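Colleague: I'm new to this one. Could you take me through the surroundings of the ligand, piece by piece?

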Amino acid sequence: MKILVINGPNLNMLGIREPGIYGKNTFADLLRLLEETALAEGLEVEQYQSNHEGDLVDKIQWAYGKVDGIVINPAAYTHTSVAILDALKAVSIPAVEVHISDVDSREPFRQISYAGMACVKTIKGQGLDGYRQAILYLKEHYGKDTV
Ligand code: DQA
């Protein structure tokens with residue numbers, strides 16, 4: 001099974017940006033967590049990060065026919081991007097939305113998620129472990145026996 005993990009803007013600044021909200025773990029720590037999860041679960045996990053909305057749309061389109069599941073943290077584009085929502089709908093690949101912070105307990109503008117409308121599940125407020133939980137969910141619900 002192949003899973004694509006997509007991270008949106010400013011997530012490359014993890015560990016530096018607002019550690020009181022997003023924690024002290026760095027983006028490199030997240031990449032390590034993804035590699036370890038892939039190894040432990042016998043999955044192929046590819047990671048993509050961009051600060052640009054169109055690049056995220058391009059990557060979702062690229063995934064069509066190539067991956068079995070998507071884990072996506074669209075970051076700020078969560079709350080604004082109909083283009084990312086439409087791309088997820090277009091490829092129709094099972095997708096799990098992840099937010100490191102508990103967006104529900106933050107500013108009102110973070111309460112809406114466009115991308116989430118095309119996702120089978122949302123995991124929020126679990127820190128970096130949310131990514132691992134999302135991968136496990138996709139494996140459990142959409143996994144095949146072979147990589
Ligand atoms: C975030 C929450 C978003 O509201 C914010 O814009 C981010 C990160 C999260 O992982 O908690 O950049 O998606």
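Modeller: Let's start with isoleucine 100: one of its backbone N or O atoms lies 2.8 Å from an oxygen atom of the ligand. That makes a polar contact, meaning a pair of N or O atoms within 3.5 Å; inside the protein, one must also be able to donate a hydrogen and the other to accept it, and residues adjacent in sequence count only if both atoms are side-chain atoms. Keep in mind that this is a predicted model, where local features need pLDDT of at least 70 and side-chain atom pairs count only at pLDDT 80 or more, while totals for chains, interfaces and linings use all residues. Residues are numbered from 1 along each chain as its sequence is written, and side-chain values use heavy atoms, with hydrogens and water left out.

Two side chains reach ligand oxygen atoms as well. For histidine 79, a polar side-chain atom sits 2.7 Å from an oxygen atom of the ligand. For arginine 110, a side-chain N or O atom is 2.8 Å from a ligand oxygen atom. On its own the ligand has 320 Å² of accessible area, and the protein covers 98% of that (Shrake-Rupley method, 1.4 Å probe).

Now look at the whole shell, where a residue is near the ligand if one of its heavy atoms lies within 4 Å. Besides those three, the residues around the ligand include Arg17, Tyr22, Asn73, Ser101 and Val103. By type, the shell divides into five nonpolar residues (Ala, Val, Leu, Ile, Met, Phe, Trp, Tyr, Cys or Pro), two charged (Asp, Glu, Lys or Arg) and four polar (the others, Gly among them).
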